[in-house]
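User: I would like a close look at one part of this structure, with its surroundings set out for a first-year student.

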Amino acid sequence: MERTTIDLWVGFFVALGVAAILGLALKVGNLTSSNIGETYTVTAGFENIGGLKPRAPVKSAGVVIGRVDGIRFDAETYEAQVTLKLDKRYAFPKDTFANIYTAGLLGEQYVGLEAGGDEVNLKEGDKITHTQDAVVLEKMISQFLYNKASENKSDNKAAE
Amino acid sequence: MFSSLKSVIAKIGHNFIEGVWHLGAGGRLFFYILVYLGESIRRPSLIVREIYATGVLSLLIILVSAFFVGMVLGLQGYNTLQKYGSSEAIGVLVALSLVRELGPVVTALLFAGRAGTAITAEIGLMRATEQLSAMEMMAVSPVGRVLAPRFLAGVISMPILAALFSMIGVLGGYFVAVPLIGVDSGAFWSQMQASVDFREDIVNGVIKSVVFGIVCTMIALFEGYDAPPTAEGVSRATTRTVVYSSLAVLGLDFILTAFMIKV
């Protein structure tokens with residue numbers, strides 16, 4: 001075959017390959033969505049983080065506004081210290097509530113922020129003091145059973 | 001009785017020595033090819049010609065099978081996922097299984113069948129018709145002139161083909177899930193993007209396909225170079241290329257996955 005035709009086909013082939021890798025990175029992978037731009041870091045202490053993982057989304061009103069940067073155990077307070085990277089465009093009041101929610105019944109866990117009413121905003125390195133732990137299913141079930149049992153007891157007493 | 005036992009043990013020993021000898025000869029050839037790699041890079045026209053033979057000519061079978069594999073994944077995945085009411089997760093299923101496993105592995109298997117056999121038969125026949133000896137007579141190294149460009153071409157072509165396989169497979173899954181079944185298009189892509197990681201999934205897939213490219217091309221080259229110079233010898237070498245390549249790819253895939261997935 002003609003030399004230039006082969007060159008043309010191979011060039012086409014390599015370009016196609018590069019396009020495929022780019023397509024995988026941008027359309028299939030999360031190379032674009034993980035890019036939040038400039039961020040500031042705040043921390044939050046939780047007594048129980050459940051199944052929260054690094055890189056989990058931080059949402060407010062359901063919109064992703066940041067990511068969980070790191071999780072470590074604080075041996076002094078016996079709490080989990082969660083570092084959150086939030087988008088610089090969004091400022092939150094100092095008394096913002098941080099909750100750990102679960103997406104769906106068995107889905108991944110994320111941090112939900114609910115804005116408070118304070119006039120001063122959170123700055124780089126601040127700590128969110130109002131937090132609510134992850135819901136642990138076993139705890140909830142045992143609590144439910146306990147309540148049920150005590151309800152039955154009071155019913156029995158009323159019947160007597 | 002005693003002599004038959006002796007001959008059985010002798011056969012095992014013979015086969016073992018044969019196997020070790022082949023492994024050593026393959027390793028030596030690999031080393032030679034690495035030595036001549038620099039020389040062959042200086043003649044890119046040879047490499048381009050081989051990329052055309054191994055890569056471009058394999059495009060059709062790779063793309064068509066990728067589309068069908070993607071469509072089958074879409075159908076099968078939907079069938080199971082809808083029982084749990086999470087048919088939107090079909091995009092995640094198709095993308096992860098293609099990018100992590102099926103893309104590199106199926107591409108390597110097809111590559112061994114499509115391009116590997118061609119390489120083995122070509123080199124085996126070159127040896128049988130004494131073209132390689134003729135080159136040596138003219139002080140041209142057959143390793144540098146014939147084997148090294150084919151090796152490079154195989155190593156370059158494989159990741160490109162695997163990436164194309166994954167991309168076309170995802171499109172095949174999309175074709176089944178969105179227009180045919182009616183899964184929401186936004187959920188399909190967004191759930192996929194939320195769970196496919198660039199470093200962990202896509203780059204690891206590319207690493208796998210590069211390793212498979214080295215192994216498949218190397219096996220094809222060695223079997224061709226080592227083939228007895230007869231019609232039967234070349235045909236057996238071609239068969240061995242497919243068998244050894246497939247086994248090596250599937251075995252290596254397990255080892256690579258075990259390294260990549262942190263348990």
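Which element gives the most to the lining of the second largest pocket, and with how many residues?

Analyst: The element is H1(B), which gives seven residues to the lining of the second largest pocket, the most from any element. The model is predicted: local features need pLDDT of at least 70 and side-chain atom pairs count only at pLDDT 80 or more, while totals for chains, interfaces and linings use all residues. Residues are numbered from 1 along each chain as its sequence is written, chains are lettered from A and ligands numbered from 1 in the order in which they are written, and side-chain values use heavy atoms, leaving out hydrogens and water.

The pocket (an open set of points on a 1 Å grid over the protein atoms alone, with protein on both sides within 12 Å along at least five of seven lines) has lining residues with an atom within 4 Å of a point. The volume of the second largest pocket (the space filled by probe spheres on points joined across faces, edges and corners) is about 470 Å³. Its lining consists of 13 residues, and those nearest the centre are His22(B), Leu23(B), Phe222(B), Glu223(B) and Tyr244(B). The elements of chain B that supply two or more lining residues are helix H1 (2–41), helix H8 (198–226) and helix H9 (231–260). Helices (H or I, at least four residues) and strands (E, at least two) are DSSP runs numbered from the N terminus. By class, six lining residues are nonpolar (Ala, Val, Leu, Ile, Met, Phe, Trp, Tyr, Cys, Pro), three are charged (Asp, Glu, Lys, Arg) and four are polar (the others, Gly among them).

The chain around this pocket has nine helices and zero strands. The C-alpha trace of chain B spans about 65 × 60 × 35 Å along its principal axes. H8(B) has 29 residues and should span 42 Å at 1.5 Å a residue (times one less than the number of residues), which agrees with the 41 Å between its end C-alpha atoms.

H8(B) also takes part in an enclosed space. The structure holds two cavities of 30 Å³ or more, a cavity being a set of points where a 1.4 Å probe fits but cannot get out. The largest cavity has a volume of about 70 Å³, and its lining includes Leu24(A), Ile202(B), Gly205(B), Val206(B) and Ser209(B). Helix H4 (90–128), helix H6 (142–181) and H8 of chain B each give two or more residues to this lining. Eight of the lining residues are nonpolar, three are polar and none is charged.

The second largest cavity, of about 30 Å³, is lined by Arg3(A), Ile6(A), Asp7(A), Ser45(B), Val48(B) and Arg49(B). Helix H1 (3–28) of chain A and helix H2 (44–54) of chain B each supply at least two of these residues. Here the lining has two nonpolar, one polar and three charged residues.

Leu24(A), in the lining of the largest cavity, returns at the interface. Chain A and chain B bury about 2,300 Å² between them (accessible area, 1.4 Å probe, lost on being put together, summed over both), and carbon and sulfur atoms give 80% of that area. On the chain A side, Phe13(A), Leu24(A) and Val28(A) lose the most area to chain B, together 30% of what that side buries.

Note on methods:
Buried area = accessible area lost by both parts, 1.4 Å probe.
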